[in-house]
Amino acid sequence: MEFGILGPLEVRHGDGQVTIGGTKQRRVVATLALNAGRVVTLGQLVDAVWDGEPPVTARKQVQNAVSALRRTPVGAALAAVGPGYVLRVSVEQVDAGRFDRCLVEAHAARARHDLMRAAETLRAGLAIWRGPALAGVGGRTALTAAGQLEERRLSAVIAWAEISLELGSHGVVADELSAELDRYPLCEPLAGLLMLALYRAGRAAESLVCYQRIRHTIAEDLGVDPGPELQSQYQRILAADPALNHRSEALQRNYLPRDIGHFTGRLAELDRLMSVADSGGVTVIQAIDGMSGVGKTTIAVHAAHRFAGRFADGQLFIDLHGHTAGRDPLTAEEALDVLLRAIGVPDARIPKSLDERAAVWRGSSPEGESCSSSTMR
């Protein structure tokens with residue numbers, strides 16, 4: 001059984017949806033789902049149903065609502081415990097619990113600089129939402145909880161946008177945040193990210209219109225001007241400040257797979273790799289050849305970790321899937337697409353043809369910057 005509160009209240013059992021009838025039953029279910037696995041007292045349920053102004057028969061009416069719920073599939077998970085009731089389901093059986101898990105996983109991925117994973121996890125969490133939280137339930141308890149859930153959603157949207165801008169997905173962020181600003185029209189951090197995404201996507205005029213829109217909304221609703229940070233961003237966009245241009249932090253990060261703790265064997269090959277690279281003054285490209293399963297990737301990754309300190313701008317890794325069962329090896333065009341995105345080249349600047357992508361790759365790093373890299377054959 002699954003409970004949905006990130007949108008209209010929804011209870012699903014098997015392949016079907018459980019009908020929850022009446023305001024009292026819906027508010028009881030919503031309150032229990034918000035506290036899944038925890039006891040909710042009868043008094044708390046009374047408050048949730050009547051907003052602190054209950055009739056004298058309130059406790060009896062809540063008990064009747066619970067009795068009615070017991071005659072539905074919800075009854076299998078509903079238990080009376082001490083002074084109240086508990087919905088005996090795991091946090092994962094409530095969509096808000098799954099959303100919170102995505103936030104935790106995304107935060108961990110961002111902390112270890114796995115930006116792609118963080119962005120994908122946040123996007124998966126946001127996809128769980130079906131609309132405004134607890135829509136149609138009503139009551140002070142539900143409205144308060146809905147506000148808290150919306151705040152967590154907004155934080156997730158902002159984090160996703162920040163990470164996606166770091167990855168160079170400016171056009172995607174611009175398209176997504178336009179709708180989000182409709183949902184949170186007074187959120188200045190969101191507006192600032194949308195303005196930056198539009199500017200970097202080559203839509204500077206739209207970026208300036210976005211500022212005027214939120215400035216007007218804030219003035220109409222609050223009677224004040226936008227904060228100094230948003231005003232400064234507007235002025236910088238007007239002046240086409242070069243500091244606003246995308247400078248991928250990916251080039252300051254390590255995209256290599258984790259190194260093994262104890263590297264043994266292949267020491268002669270490793271010494272040869274290191275000595276050739278120490279020749280100095282010349283860019284050295286080395287290939288490691290051998291049959292599948294002999295440890296080519298392991299030695300390449302280990303060597304790349306050894307070299308990492310010499311390439312402070314970043315280290316890249318690409319799996320060419322030369323021996324991956326069930327999928328074709330990456331083409332040169334596909335490999336260049338992965339590498340260009342990894343160094344922060346925006347979608348709009350990645351051409352279609354192989355020669356053009358190779359030219360962008362050769363010219364994408366400023367003079368003096370370099371990256372160590374490892375490839376899997």
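This report walks through the strands, one helix pair and the empty spaces of a predicted model.

## The sheet at the start of the chain

Let's begin with strands 1, 2 and 3. They form an open sheet in the order 1-2-3, and the pairing is antiparallel. Strand 1 (2-4) and strand 3 (16-17) are the edge strands; each has a single partner, so one side of each is left without a neighbour in the sheet.

Strand 1 is joined to strand 2 (residues 10-13) by three bridges, and the two run antiparallel. If you would like a place to look in the viewer, try Glu-2, which stands opposite Arg-12 in strand 2. As background, side chains in a regular strand alternate between the two faces of the sheet.

## Strands 4, 5 and 6

Strand 6 (residues 84-87) pairs with strand 4 (residues 40-41) in the antiparallel sense, over two bridges. Here Thr-41 has Gly-84 of strand 6 as its bridge partner.

Strand 6 also pairs with strand 5 (residues 78-81), again in the antiparallel sense, this time over four bridges. Leu-78 stands opposite Leu-87 of strand 6. Strands 5 and 6 make a hairpin with two residues between the strands, and in this hairpin Gly-82 takes a positive phi near 55°.

## Helix 1 against helix 3

Two packed helices are described by the angle between their axes and the distance between the axes. For helix 1 and helix 3 (residues 58-70), the axes come within 9 Å and cross at roughly 80°. Angles of 65 to 115 degrees count as roughly perpendicular, so helix 1 is roughly perpendicular to helix 3.

Which residues of helix 1 and helix 3 meet? From helix 1 come Lys-24, Gln-25, Val-28 and Val-29, and these meet Gln-61, Val-62, Ala-65, Val-66, Ala-68 and Leu-69 in helix 3. Sorted by class, this contact has seven nonpolar, two polar and one charged residues.

## The enclosed cavity

Rolling a probe the size of a water molecule over the atoms shows where empty space is left. In this model the count comes to one cavity of 30 Å³ or more, and the largest cavity has a volume of about 30 Å³. Its lining is made up of Arg-27, Ala-30, Thr-31, Leu-34, Ala-48, Val-137, Gly-138, Thr-141 and Ala-142.

Helix 1 (23-34) and helix 6 (140-166) are the elements that give two or more residues to this lining. Helix 1 gives the most, with four residues. By class, the lining of the largest cavity has five nonpolar, three polar and one charged residues. Helix 1 therefore appears twice in this report: in the lining of the cavity and in the contact with helix 3.

## The second largest pocket

The second largest pocket holds about 900 Å³ of space. There are 30 residues in its lining, and those nearest its centre are Asp-114, Leu-115, Met-116, Leu-167 and Tyr-255.

Which elements each supply at least two residues of this pocket's lining? They are helix 5 (115-127), helix 6, strand 7 (315-319) and helix 13 (332-342). Helix 5 has the largest share, five residues. The lining of the second largest pocket divides into 16 nonpolar, six polar and eight charged residues. Helix 6 is worth finding in the viewer here, as it supplies residues to the lining of this pocket and also to that of the largest cavity.

Methods:
Residues numbered from 1 in each chain as written. Predicted model: local features only at pLDDT ≥ 70, side-chain atom pairs only at ≥ 80, totals over all residues. Heavy atoms only, no water. Pairing = 2+ DSSP bridges. 1 Å grid on protein atoms, 1.4 Å probe; cavity = no way out; pocket = protein on both sides within 12 Å on 5 of 7 lines; lining within 4 Å. Points joined across faces, edges and corners; volume = space filled by probe spheres on them. Nonpolar A, V, L, I, M, F, W, Y, C, P; charged D, E, K, R; others polar. Axes fitted to C-alpha atoms, helices over the stretch in contact; angles between N-to-C directions. Parallel < 35°, antiparallel > 145°, perpendicular 65-115°, else oblique. Contact = heavy atoms within 4.5 Å.
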